[in-house]
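Please look over the sequence and the structure below before reading on. The paragraphs that follow go through a few places in the model one after another.

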Amino acid sequence: MKIVTYNVNGLKQRILQYGSLLKLLSSFDADIICFQETKLSREELTADLVMADGYESFFSCTRTFDRGRRGYSGVATFCRVKSAFTSNEVALPLAAKEGITGLLENCRESGIRKDELPAKLEGLEGIGNDELLKVDAEGRCIITDHGHFVLFNVYGPRADSDDTERIQFKLTFFNILQKRWEALLSQERRIFVVGDLNIAPSAIDRCDAGPDFEKNEFRSWFRSMLVECGGRFYDVFRVKHPNREAYTCWPQHNGAELFNYGSRIDHILCAGSCLHEKNNQNTHDFVTCHVEECDIMTQFKRWKPGYKPRHRWKGGESMKLEGSDHAPVFVSLREIPDVSQHNTPSLSARYDPRVRGCQQTIVIMVPYAVSALMKRQVADHFKTEGETSSFVAEKVSFSSNAESEPRPTVDGHLSCLNDKAGDRIELMPGSKSNLGILTKKRPRENQWSQLSLTTFFQKSSNYGETVSIAMERDYCEQSELSSSDQSKTHGDSNNRDSSFKEKNSVALMEWQRIQQLMQDSIPLCKGHREPCVARVSKKAGPNLGRRFYVCARGEGPSSNPEANCGYFKWASSKSKNKQ
């Protein structure tokens, strides 16, 4: 069995990168795939984003609009199964819950208000329901029970050192999460915690860790949960690779992946006994007995072997890196037996009526089935009877009211039917062999659009006369125009081509001049004597919005001369207006 965790940094972007959701999931070849930072709001959930053949999916989306956090976080768990509704596979969860407080499920029940909800977990009595619901409002956790273990798919909050509000939110989040873990461990349940926790626990997990790095309160809390510090959890990657300097996340815009200059904040934690039925369980644990391997899937990194760094102004080129700024982490398990037969939990996306583009009941398909049946019957009738196109047209009304006339197209085709799904059916006039041929055409919003099924059976009084007059008039007009304007058109086209080429050449020369001026105004970094890259300060303060220049190379260790040299220079500001 294989479990993968991956911060996708936008699920839509990763699906576009791979072509489809199914191709993205198949690239991991895993039984359970946990995504973080999907950046999907509940209104954006569509079948092509959340459902794939052979997988059951469970989503938690952000519900808050605070500080522009709409579609900010979000997690999703995909489980590969052979049966869509019932199975004995471990990958298909027996139960699934959204959030860590236990209150979101009750909020969906009718007739229950937020102020009536009791706290589900012991130790949370002093926290109000509004605050508890706020913790779950950002869509940061999905919990799935797989029988042998309970899986937490977690996206931990990020908090800057000077943001006291987010620091408090992060403390509350992990405090509640720890309470949840302790409650399950007291019931002798096994736990897997996977995801981007936004915590690098030790100095070995950070490229530029300083002497006080491990004194951070969140890093201290993380280490206190581990077995080596008296806790119950194993850091599975560190168990398998105790001394490796490996990272799972790199800054997005400074090329740090080139020199592997990042941090390890994506984790797989495990707690609980093994599945072996032996008298002495003290010498057995789940990691020792059932974890075969745990590693970082570096093949998903944006920087691939052979990539050469390109600078923004050097040659006017820049390299666009496809993929997330994180790398997936996997764990492979052995000797995991099947569980008893069970059904797909109700939290699955297939049962969510809000998922657009997904059929929920048979009633939804009735109009489409009737429309398709009607098309087949009409086509079969025309082929069987061998009617001519004029007789067919007499049976079809194309008008939006009782007095409108049918309208032929330029090539003589006749629009005769708008189906329920929005497609227009076109009858091809001609010989008997062409009768009944149905072709698709985009619906046109005009007076000739069919409004209802009843207009299909209304008789048009003077169709033949209208068609002949219209076609004759169009033919005469086209002939006159083609004969009189042929010479003028040829001359005008030559003049337009020459004028277009001249304007294009002038624009190209002007753009090259601007590029040269921009390049000449950019300073060279001291370490490599290469053009710097311009950036804008986004930090609140007196320099907000001010431009500056830095070395264009990727971030890396200071001991590497090929890495960023650390050059910095403020751009010259315009003189202020005289008062």
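Does Ala 327 count as buried or exposed? The model is a predicted one, and in it Ala 327 has a relative accessibility of 0%. Buried means under 20%, so Ala 327 counts as buried. The residue sits in the loop between β12 (291-296) and β13 (329-333). Leaving out residues up to four places away in sequence, Ala 327 touches Tyr 6, Thr 248, Trp 250, Ile 296, Met 297 and Lys 301. Val 8 lies 319 residues from Ala 327 along the chain, yet the C-alpha atoms of the two are separated by 8.6 Å.

A second buried residue is found in a helix. Val 135 belongs to helix α5, which covers residues 129-136. Its relative accessibility is 2%, so Val 135 counts as buried. Apart from neighbours within four places in sequence, Val 135 is in contact with Ile 100, Phe 169, Thr 172, Phe 173 and Ile 176. Between Val 135 and Lys 170 there are 9.0 Å from C-alpha to C-alpha, with the two 35 residues apart in sequence.

Next comes helix α6, made up of the 23 residues 164-186. At 1.5 Å a residue these should span 33 Å, and the end C-alpha atoms are 33 Å apart, so the expected and modelled spans agree. After α6 comes Glu 188, which has a positive phi, near 60 degrees.

How do α6 and α7 pack? Two packed helices are described by the angle between their axes and by the distance between those axes. For α6 and helix α7 (residues 217-224), the angle is about 10 degrees and the axes are 11 Å apart. Angles under 35 degrees count as roughly parallel, and α6 and α7 are therefore roughly parallel to each other. On the α6 side, the residues that meet α7 are Ile 167, Lys 170, Leu 171, Phe 174, Gln 178 and Trp 181. Their partners in α7 are Glu 217, Phe 218 and Trp 221. The residues of this contact divide into six nonpolar, one polar and two charged.

Confidence is the last topic. The average pLDDT of the protein is 76, and 64% of the residues score at least 70. Among its elements, strand β2 (residues 32-36) has the highest mean pLDDT, 98, and strand β15 (residues 414-418) the lowest, 41. Residues 109-119 have a pLDDT below 50, and this stretch has 17 contacts in the model beyond near neighbours in sequence. The pLDDT is also below 50 over residues 574-579, a stretch with zero contacts beyond near neighbours in sequence.

How values were computed: Residues are numbered from 1 along each chain as its sequence is written. This is a predicted model: local features need pLDDT of at least 70, side-chain atom pairs count only at pLDDT 80 or more; totals for chains, interfaces and linings use all residues. Side-chain values use heavy atoms; hydrogens and water are left out. Helices (H or I, at least four residues) and strands (E, at least two) are DSSP runs, numbered from the N terminus. Buried means under 20% relative accessible area, exposed over 50%, partly exposed in between (1.4 Å probe, protein chains only). Contact means heavy atoms within 4.5 Å. The expected span of a helix is 1.5 Å times one less than its number of residues. Axes are lines fitted to C-alpha atoms, for helices over the stretch in contact, and angles run from 0 to 180 degrees between N-to-C directions. Angles under 35 degrees count as roughly parallel, over 145 as roughly antiparallel, 65 to 115 as roughly perpendicular and the rest as oblique. Ala, Val, Leu, Ile, Met, Phe, Trp, Tyr, Cys and Pro count as nonpolar, Asp, Glu, Lys and Arg as charged, and the others, Gly among them, as polar. pLDDT is the predictor's confidence in each residue, from 0 to 100.
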